[in-house]
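Me: Please take me slowly through a single part of this molecule, and explain each term as you come to it.

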Amino acid sequence: MIHLEDYIRDIKDFPKKGIVFKDITPLLSSPKASKACLDGLLKLVGTQKIDKVVGIEARGFFFGNTLAQSLNAGFVPVRKPGKLPSHTISQTYDLEYGSDTLEMHKDAILKGDRVLIHDDVLATGGTARAVCNLVEDLGGVIVQCNFLMELDFLEGANRIKEYPVTSLLHY
Ligand code: AMP
């Protein structure tokens, strides 16, 4: 029996003082834990039909792509500005200090596509909110937002409460 929390390492004061970074590299380096993680994420989706899995740069790419393959869906990367080569749409959102922007290819989602949004950590929810906006701007239908873990005390799920939000672990 695998306990995923045993494969997630807390790194204090990274990337800046006061943040406890949830490091998933021990999980990625274990084939057994990675398989258990993928199986868990697939269980969260259940039998719902998914056309596209949207993974958020960069740690949402690891399981986002394997989830897409397992669900027989396409994978769509959401990236930082200037990384995607074709025509993009973008969303800018507020951070604690300053703001950030995310981009997605305009042709990545077709109107009516059933979309699963995936990332490693749901913290304040600002990132996930921006990605939900991108998907809806292109006419996608958000079926679920799923995460490896949710930092409950930051109440990020409130920012995307009109969609089903689910996570394997809660801190
Ligand atoms: P937020 O927009 O605050 O929900 O932040 C979510 C994004 O930041 C995700 O892409 C996470 O990978 C990353 N993130 C936020 N907080 C942490 C944390 N404590 N440990 C690891 N990644 C984090």
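Reply: Helices here are DSSP runs of H or I with at least four residues, strands are runs of E with at least two, and both are numbered from the N terminus. This is a predicted model, in which local features need pLDDT of at least 70 and side-chain atom pairs count only at pLDDT 80 or more, while totals for chains, interfaces and linings use all residues. Residues are numbered from 1 along each chain as its sequence is written, and side-chain values use heavy atoms, leaving out hydrogens and water.

The part to look at is helix α2, whose 15 residues run from 31 to 45. Its end C-alpha atoms are 21 Å apart, and this agrees with expectation because 15 residues at 1.5 Å a residue should span 21 Å (the expected span is 1.5 Å times one less than the number of residues).

Now consider which residues of α2 are buried (under 20% relative accessible area, with exposed being over 50% and partly exposed in between, for a 1.4 Å probe and protein chains only): they are A33, S34, C37, L38, G40, L41 and V45. These residues lie on the same side of α2, because they cover an arc of only 160° around the axis, the arc being that of the directions from the helix axis to the C-beta atoms. On the other side of the helix, P31, K32 and K43 are exposed.

The buried residues of α2 pack, through contacts (heavy atoms within 4.5 Å), against helices α1 (25-28) and α3 (60-70), and also against the strands β7 (114-122), β8 (141-150) and β9 (165-170). After α2 comes G46, whose phi is positive, near 65°.

Following β7 and β8 away from α2 leads to the largest nonpolar core, which has 25 residues, and among these V54, M104 and I117 touch the most other members (such a core is a set of buried Ala, Val, Leu, Ile, Met, Phe, Trp, Tyr and Cys residues joined through side-chain atoms within 4.5 Å). Both β7 and β8 are among the elements that each supply at least two residues of this core, although α4 gives the most, with six residues. If its neighbours within four places in sequence are left aside, I117 is in contact with residues including V54, I56, V131, I142 and C145. A second, separate core has 21 residues, among them L27, I50, V53 and V143.
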